[in-house]
Amino acid sequence: MVLTRSELSDLLTDNLAMFEAHLESGVITWASRAMEAMFGYTIAGELEGKAVEDLIPVELRQKHADTHRPEFVVNPSVRLMGKSLALRGLRRDGSEFPLETMLLPKAVSGRRVVVGIMLDLTGRLPRRTQP
């Protein structure tokens, strides 16, 4: 049995989300409803066509686009990020939140894609004091 995207989306919770993006361009081709909600998007399909960098804090976008994503394209492998390095997502309203991400490169119908699984860590990490 193979789950449809809709059925898979129904299995995900508010703090666990999934997306698919074109490997080379980083353009999101599908996002679960939980992913849309996690990042503050309320219209179904609203993340499709956006770059993954749109979900990263502004000060980190250029390095992600120029360094991290191209390195992943050259050496696509399963990656778990956010365990040792604090990752942050950027919500539509401009607020940031801590997260962990797993990236899984795949070939689907001749296309190279990356499937991302994201876990919102809000409330799970100790609050950091501001200097």
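The exercises below work through a predicted model, each with a solution given in steps.

**Exercise 1. The largest pocket**

Establish the volume of the largest pocket, which residues are closest to its centre, and which elements supply its lining.

*Solution.* Start with the volume, which for the largest pocket is about 820 Å³. Of the 35 residues that line this pocket, the closest to its centre are Ile 56, His 64, His 68, Met 81 and Leu 87. Next, assign the lining to elements: strand 1 (16-22), helix 3 (58-74), strand 3 (79-81), strand 4 (87-90), strand 5 and strand 6 (111-120) each supply at least two residues, and helix 3 gives the most, with seven residues. Finally, sort the lining by class, which yields 21 nonpolar, eight polar and six charged residues.

**Exercise 2. The setting of Thr 101**

Decide whether Thr 101 is buried or exposed, and list what Thr 101 is in contact with beyond its neighbours within four places in sequence.

*Solution.* First locate the residue: Thr 101 belongs to strand 5, which covers residues 96-108. The relative accessibility of Thr 101 is 4%, and because buried means under 20%, Thr 101 counts as buried. With the neighbours within four places in sequence set aside, the contacts of Thr 101 are Arg 79, Leu 80, Met 81, Leu 87, Ile 117 and Met 118. Two of these partners, Met 81 and Leu 87, are also listed among the residues closest to the centre of the largest pocket.

**Exercise 3. The largest nonpolar core**

Describe the largest nonpolar core, and then examine Leu 47 as one of its members.

*Solution.* The core has 21 residues, and those with the most contacts inside it are Phe 19, Met 35, Phe 39, Leu 47, Leu 55 and Met 118. Strand 1, strand 2 (28-31), helix 2 (33-38), helix 3, strand 5 and strand 6 each supply at least two residues of this core. Turning to Leu 47, and not counting residues up to four places away in sequence, one finds that this residue touches Ile 28, Ala 31, Met 35, Glu 36, Tyr 41 and Leu 55. Among them, Met 35 and Leu 55 are also named with the residues that have the most contacts inside the core.

**Exercise 4. Salt bridges between parts of the chain**

For the pairs Arg 111 and Glu 20, Arg 69 and Glu 53, and Glu 59 and Arg 88, work out which parts of the chain are joined and how accessible each partner is.

*Solution.* A search of the whole structure finds seven salt bridges, and these pairs are taken in turn.

1. The side chains of Arg 111 and Glu 20 meet at 3.5 Å, N to O. Arg 111 is in strand 6 and Glu 20 in strand 1, so that the pair links distant parts of the chain, 91 residues apart. Arg 111 counts as partly exposed at 33% relative accessibility, whereas Glu 20, at 8%, counts as buried.

2. In the bridge between Arg 69 and Glu 53, the closest N and O atoms are 3.0 Å apart. Because Arg 69 lies in helix 3 and Glu 53 in the loop between helix 2 and helix 3, the pair ties together parts that are 16 residues apart in sequence. Arg 69 counts as buried at 15% relative accessibility, and Glu 53 counts as buried at 7%.

3. Glu 59 and Arg 88 meet at 2.8 Å, N to O, linking helix 3 with strand 4 across 29 residues. Glu 59 counts as exposed at 52% relative accessibility, while Arg 88, at 34%, is partly exposed. As a last step, extend the pair: Glu 59, Arg 88 and Glu 96 are linked in a network of salt bridges.

Definitions and conventions. Residues numbered from 1 in each chain as written. Predicted model: local features only at pLDDT ≥ 70, side-chain atom pairs only at ≥ 80, totals over all residues. Heavy atoms only, no water. Helix = DSSP H or I, 4+ residues; strand = E, 2+ residues; numbered from the N terminus. Buried < 20%, exposed > 50% of the residue type's maximum accessible area, 1.4 Å probe, protein only. Contact = heavy atoms within 4.5 Å. 1 Å grid on protein atoms, 1.4 Å probe; cavity = no way out; pocket = protein on both sides within 12 Å on 5 of 7 lines; lining within 4 Å. Points joined across faces, edges and corners; volume = space filled by probe spheres on them. Nonpolar A, V, L, I, M, F, W, Y, C, P; charged D, E, K, R; others polar. Core = buried A, V, L, I, M, F, W, Y, C linked by side-chain atoms within 4.5 Å. Salt bridge = Lys/Arg side-chain N within 4 Å of Asp/Glu carboxyl O.
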